[in-house]
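Notebook open, viewer running. I want to go through this one piece by piece and jot down what I look up.

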Amino acid sequence: MIFFRRAGCYTVESRLGGGRYGVCYLARDPEGRRVVLKKFRPKIWRENSGGNHHEAVILSGLDHPAIPEFLGVLNLPRGYFFILEYKQGTTLKDLLFHRHTEFTESMILRVGTQLLDILSYIHSRSVVHGDISISNIVDDGRQTALLDFGLARYTGGDLSVDLDHSCFGNVLLYLLYSRYRGKKFGAWYEELDLSAGKTLFLKRLMGLEAPFCDDAEVKEAFLTFFSD
Amino acid sequence: MFNFFSDSSRKRRYPNPNRGSSHYQKGGFFGMGSSFSRSGSSSPRRQYGYQPYPRQGQHYGMPQQNQGYAASQSGSCICPNCGASVPAGSKFCLSCGAKMASAAFCPNCGKPVPQGAKFCPECGSPTGR
């Protein structure tokens, strides 16, 4: 439900989604371009007063077609908003659980490769996303985009790139399970009928085996085991 | 200060590596294991009665106001429009939204560099200024 139709010079069209931080709205700027207004919950904003700037700074330093551009700030009496570029597509969560999309091997290969390209880029800029999930990835059938840098941080602090690798593995498991019709009896490595290479790859991502050293190693292994 | 990333929250952000179909084929609220499960009641009606956000003329980043960012190693600059303190690298003033021309990032490591810095304080590379 939308409680307002205008925010500054922006016209709010619909509610895109929400989380602990607040709510995201689809809106149009005065030129008619689609943007996202990310409205922060006052309580969360206050509680996280030492870290509110991270998303703004990190997005300011990123320039990638699959990452929303940081377009501005709205500080209004009715709320505090970040203005972000709108990325076309449907979240993987909606594709999996509302549209019941079954991800084929080629679809997983495309989405996985594009996600790894995004991860290689942000890690090269010293950024750890920290919250890669099926809710924060949108896909339009051709291109995958990574959203929500609210928990992202620069490397050298609390987070390291292996968190993104683990979360990437978790996303791959969601996609692999989209075609699973077997019984529920255990962990993914017991239930899914995967090749030994794929299983080892996913175990390394998830921290059950020796982790990967860097993104290049992850991508090389992914292409090796998911291209066949 | 509130520690946004306590040890326990860091661990919680790594997905459980031993889950199966009972998790990955459940898409509802409890199946995601995401931050949604941690959202609490925010009592919005009570909170909209005052302005919890830094307004123009206030210094967004001053810790004593408990509103802005903590002073970072990369420093900050002053918004020419409203005078608020803006974290280094932000393209916009986080208080008034004015565009900041001084935002710059290290061409090598990608981290924000303070205004006027000739070398990145993180990796030491020349910033090209």
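Is Ser126(A) buried or exposed? I looked up its relative accessibility and got 9%. The cut-off for buried is under 20%, so Ser126(A) counts as buried. Worth writing down before anything else: this is a predicted model.

**Entry 1, odd backbone angles in chain A.** I came to Ser126(A) through its backbone. Its phi is positive, near 65°, and the residue is not a glycine. I placed Ser126(A) in the loop that runs between α4 and β8 (127–128) of chain A. Asp148(A) is another non-glycine with a positive phi, this one about 60°. I found Asp148(A) in the loop between β10 and β11 (153–154) of chain A. I also noted two glycines with positive phi. Gly207(A), just after α7(A), has about 85°, and Gly8(A) has a value near 60°. Gly8(A) took me to the hairpins.

**Entry 2, the hairpins.** Gly8(A) belongs to the hairpin of β1(A) and β2(A), where two residues sit between the strands. I checked the pairing: β1 (residues 6–7) and β2 (residues 10–18) of chain A are antiparallel, with two bridges. For one bridge I wrote down the partners, Ala7(A) and Tyr10(A), the latter in β2(A).

From there I followed β2(A) onward. It forms a hairpin with β3(A) too, and three residues lie between those strands. How many bridges join β2(A) to β3(A)? I get six, with β3 covering residues 22–28 of chain A and the two strands running antiparallel. Across this pair, Gly18(A) stands opposite Val23(A) of β3(A).

**Entry 3, a three-stranded sheet.** Next I looked at an open sheet in chain A. Its order is β7-β9-β10, and the pairing is antiparallel. Which strands are at the edges? They are β7 (90–91) and β10 (144–146) of chain A, each of which pairs on one side only. Helix α4 (residues 105–124) of chain A packs on this sheet, and I see it touching β9 and β10 of chain A. Between the directions of α4(A) and β10(A) the angle is about 40°. I then went back to β7(A) and its neighbour: strand β9 (residues 137–139) of chain A pairs with β7(A) in the antiparallel sense over two bridges. Thr91(A) faces Val138(A) of β9(A) there, the two standing opposite each other.

**Entry 4, helix α7.** I listed the buried residues of α7 (residues 196–206) of chain A. They are Gly197(A), Lys198(A), Thr199(A), Phe201(A), Leu202(A), Leu205(A) and Met206(A). I put a mark beside Lys198(A), a lysine on the buried list. What do the buried residues of α7(A) pack against? Within chain A I have α4, α5 (161–176), α6 (188–191) and α8 (215–226). There is a partner from the other chain as well, α2 (21–24) of chain B. So α4(A) turns up again: it packs on the sheet of Entry 3, and the buried residues of α7(A) pack against it.

**Entry 5, chain B.** That contact sent me over to chain B. I count three helices and two strands there, in the order α-α-α-β-β along the sequence. Of the 129 residues in chain B, 47% are buried. Among its contacts between residues at least 6 apart in sequence, I get 22% joining residues at least 24 apart. Last, the surface: the accessible area of chain B is about 7,000 Å², and carbon and sulfur atoms hold 51% of it.

Definitions and conventions
Residues are numbered from 1 along each chain as its sequence is written. Chains are lettered from A and ligands numbered from 1 in the order in which they are written. This is a predicted model: local features need pLDDT of at least 70, side-chain atom pairs count only at pLDDT 80 or more; totals for chains, interfaces and linings use all residues. Side-chain values use heavy atoms; hydrogens and water are left out. Buried means under 20% relative accessible area, exposed over 50%, partly exposed in between (1.4 Å probe, protein chains only). Contact means heavy atoms within 4.5 Å. Accessible areas come from the Shrake-Rupley method with a 1.4 Å probe; for residues, only the protein chains shown count as cover. Two strands pair if DSSP finds at least two bridges between them. Axes are lines fitted to C-alpha atoms, for helices over the stretch in contact, and angles run from 0 to 180 degrees between N-to-C directions.
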